[in-house]
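Me: Please take me through this structure and justify each term as it is applied.

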Amino acid sequence: MALSVVCGSIGRMRIYDWEPFLRTWSAERYAVVGADRPAEPAGRTAEWLGFAPATEERLTALESRLGRPLPPSYRQFLAVTDGWRMAGEFVTLLGSTEQVGPLPELGPGVRACLDEWDAEDADDRSGEPVGDADVDPADEEVAHSERWARAILISAEGDQTWLLLDPGDSDAHGEWAAYSWSSWSGRGPVRHDSFAELMDRLYAQFRALRCTPAATAGAPGGVPAAADR
């Protein structure tokens, strides 16, 4: 099941039906690794990887703190669950509305590593010919440094893996580019078009590493694909 987000539109905002996707993810993970899960706090079932929904007050407070509206797919996700456990296999906790914030404040060391990665990547490509349709590596390095300066860190715990949103890279629907980066991977940050696409990839990662073909056969298909009415 990929996150095919069933969407409609109210004005310019698209609505994502996250709960069926997240319930399926939770149930599948519990089926394959439930015995290894730690005991759940009172009142929370082991079959649910999420938390209570974020209230409108919490969502508004986060938007006020960030100084801009949240991207639709991420806002609707938080309205279903204020945080998420085991996003893929290397992020153990997506932050709540009170835990996410600017990367330079919450993860200055991560930002420094990403800036260093971009600088090294630009150096590696500095000797390559630059055609009319290409971007000069020096200009690209500046753009990359700017994206980490404005990035929002949305993961709270992980195995040297971080998830980010870039509010400066948005599409016509208000979706922000999303990034995943693992310092041990030997590769740079991986860009996704939206938070919904990022979650789809993380779900696919879980299935690839944890689920046998027999366990996943016939499972419903993905993050509801966004479609405006």
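Me: What makes strand S8 largely enclosed by the rest of the structure?
Reply: Seven of the 10 residues of S8 are buried, so the strand is largely enclosed. Buried means under 20% relative accessible area, exposed means over 50%, and partly exposed lies in between, with a 1.4 Å probe and protein chains only. Helices (H or I, at least four residues) and strands (E, at least two) are DSSP runs numbered from the N terminus. The model is predicted, so local features need pLDDT of at least 70 and side-chain atom pairs count only at pLDDT 80 or more, whereas totals for chains, interfaces and linings use all residues. Residues are numbered from 1 along each chain as its sequence is written, and side-chain values use heavy atoms, with hydrogens and water left out.

Me: How do you know that S8 and S9 pair?
Reply: Two strands pair if DSSP finds at least two bridges between them. Seven bridges join S8 (residues 161–170) to S9 (residues 176–182), so the criterion is met, and the two run antiparallel. Thr161 stands opposite Ser182 in S9, and Asp166 has Ala177 as its bridge partner there. The two strands form a hairpin with five residues between them, and Gly174 in the turn has a positive phi of about 85°.

Me: Why are S6 and S8 called paired?
Reply: They share two bridges, which satisfies the requirement of at least two, and the sense is antiparallel. In S8, Leu164 is the bridge partner of Leu153. The open sheet has five strands in the order S5-S6-S8-S9-S10. Its edge strands are S5 (101–102) and S10 (190–192), each pairing on one side only.

Me: Why are the buried residues of helix H2 said to lie on the same side?
Reply: In H2 (residues 56–66) the buried residues are Leu59, Leu62, Glu63 and Leu66. They cover an arc of only 100° around the axis, which puts them on the same side of H2; the arc is that of the directions from the helix axis to the C-beta atoms. The face turned away from the buried side carries the exposed residues Glu57 and Ser64. Among what covers the buried residues are helix H3 (72–80), S5 and strand S6 (152–153).

Me: Why is the contact between Glu63 and Arg75 called a salt bridge?
Reply: A salt bridge is a side-chain nitrogen of Lys or Arg within 4 Å of a carboxyl oxygen of Asp or Glu. The N to O value for this pair is 2.9 Å, so the term applies. Glu63 lies in H2 and Arg75 in H3, so the pair ties together parts that are 12 residues apart in sequence. Both residues are buried.

Me: What makes Glu56 partly exposed, and Arg75 buried?
Reply: Glu56 has 43% relative accessibility and therefore counts as partly exposed. Arg75 has a relative accessible area of 12%, so it is buried. These two also form a salt bridge, their closest N and O atoms being 2.8 Å apart.

Me: How do you know that Glu98 and Arg58 form a salt bridge?
Reply: Their closest N and O atoms are 3.6 Å apart, so the pair meets the cut-off. Glu98, in the loop between S4 and S5, and Arg58, in H2, are 40 residues apart. Glu98 is exposed, with a relative accessible area of 60%, whereas Arg58 is partly exposed at 34%.

Technical notes. Contact = heavy atoms within 4.5 Å.
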